[in-house]
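Visitor: I am in my first year and would like to learn how to read a protein model with some care. Could we go through this one together, one question at a time?

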Amino acid sequence: TWCPECRQLRRYAWRNERTLYKATCGSCKKSIFSTYPASGEFTVFCHDCYFGDSWDATSYGREYDFNRTFFEQAAEVMRAVPQLNLWHMNSINSPYSNITKDAKDCYLSYSIVASEEAFYCKNVDKSRQMFDCLNMMECERCYWGMFGVQNYDVSYSVFSRSCMDCAFIFDCVNSRHCFMSANLRNREYVFYGKQLTKEQ
């Protein structure tokens, strides 16, 4: 009964990972970025305060009222308990990113794990020097890549694996120095789908 746009909005509402707001930590009062707007109903803590000992989690406990619905009371508790501003775990110099773990020097990137220098990326794991990429793993120096694994210095690629020094490729595996080609397996020096020599 829901149109695609409304279903997408419901998915976004479940986990806001890409919209960041300027906010103030509810504990130490320093300026932070948050997935919750400053005008919202939640108190937001920075990472250090949220996982620190400056607040007592039991102070938000309350007795259950059997004369009211469970979800009404659960919503009140959720609004009262401070929320974490961004989901970072062991991330360095990545204040504009969210849902990161073991990330370093990342900017406007989301769902990043064990990666370094990822810019405008989503779902990038164990990679470095990535720009405008989606669903990439164990890659390096890639630009505008989607669904790639173990690529190096590859630009404009989709569904390609173990490729190096390629551009504008689709569904290529273990290919080197190829351009504007698709469905290659263990190939080198393919230009517009045509096999060339190294000199050519």
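Guide: Let us begin with a term: a polar contact is a pair of N or O atoms within 3.5 Å, and within protein one of the two must be able to donate a hydrogen and the other to accept it. Please keep in mind that this is a predicted model.

Visitor: Which residue offers the backbone oxygen that the side chain of His88 reaches at 2.6 Å?

Guide: His88 lies in strand S5, which covers residues 88-89. One backbone oxygen, that of Ser94, lies 3.4 Å from a polar atom of the His88 side chain, so it falls within the 3.5 Å cut-off for a polar contact. The backbone oxygen reached at 2.6 Å belongs to Ser97.

Visitor: Is His88 buried or exposed?

Guide: Leaving aside neighbours within four places in sequence, His88 is in contact with several residues, including His47, Pro95, Asn98 and Thr100. Buried means under 20% relative accessible area. Because the relative accessibility of His88 is 17%, this residue counts as buried.

Visitor: Which side chain makes a polar contact with the side chain of Gln83?

Guide: Gln83 is found in strand S4, residues 83-84, and with a relative accessible area of 15% it is buried. Not counting residues up to four places away in sequence, Gln83 touches Tyr36, Phe42, Thr43, Val44, Phe45, Tyr50 and Met78. The polar contact between side chains, at 3.3 Å, is made with Tyr36.

Visitor: How many residues are in the largest nonpolar core?

Guide: Cys121, Val124, Met130, Cys133, Met136 and Cys142 are the members that touch the most other members of this core. Apart from it lies another core, of eight residues, among them Ala23, Val44, Cys49 and Trp55. For the largest nonpolar core, the number of residues is 19.

Visitor: How far apart in space are Met164 and Ser54, C-alpha to C-alpha?

Guide: Met164 is found in strand S14, residues 164-170, and counts as partly exposed at 28% relative accessibility. Among the residues that Met164 touches, not counting those up to four places away in sequence, are Tyr152, Val154 and His177. Ser54 is 110 residues from Met164 in sequence, and the C-alpha to C-alpha distance in space is 50 Å.

Visitor: Which residue forms a salt bridge with Arg128?

Guide: Side chains of opposite charge can pair when their charged atoms come close. Arg128 sits in strand S10 (residues 128-131), and its partner, twelve residues away, sits in strand S12 (residues 140-149). With the closest N and O atoms 3.0 Å apart, the partner of Arg128 is Glu140.

Visitor: Which residues are joined into one network by salt bridges that share partners?

Guide: The side chains of Glu76 and Arg62 meet in a salt bridge at 3.9 Å, N to O, linking helix H3 (residues 70-80) with the loop between helix H2 (47-50) and H3. Arg68 forms a salt bridge with Glu72, where the closest N and O atoms are 3.3 Å apart. Salt bridges that share partners make one network of Arg62, Arg68, Glu72 and Glu76.

Visitor: What is the area of the nonpolar surface patch that includes Tyr156?

Guide: Tyr156 is placed in strand S13, residues 152-158, and its relative accessibility of 32% makes it partly exposed. Patches are made of residues with over 30% relative accessible area. Together with Trp144, Phe168, Met180, Phe191 and Tyr192, Tyr156 makes a nonpolar surface patch of about 580 Å².

Methods
Residues are numbered from 1 along each chain as its sequence is written. This is a predicted model: local features need pLDDT of at least 70, side-chain atom pairs count only at pLDDT 80 or more; totals for chains, interfaces and linings use all residues. Side-chain values use heavy atoms; hydrogens and water are left out. Patches are made of residues with over 30% relative accessible area and no salt bridge: like charges are joined within 9 Å, nonpolar side chains (Val, Leu, Ile, Met, Phe, Trp, Tyr) within 5 Å. Accessible areas come from the Shrake-Rupley method with a 1.4 Å probe; for residues, only the protein chains shown count as cover. A salt bridge is a side-chain nitrogen of Lys or Arg within 4 Å of a carboxyl oxygen of Asp or Glu. Helices (H or I, at least four residues) and strands (E, at least two) are DSSP runs, numbered from the N terminus. Buried means under 20% relative accessible area, exposed over 50%, partly exposed in between (1.4 Å probe, protein chains only). Contact means heavy atoms within 4.5 Å. A nonpolar core is a set of buried Ala, Val, Leu, Ile, Met, Phe, Trp, Tyr and Cys residues joined through side-chain atoms within 4.5 Å.
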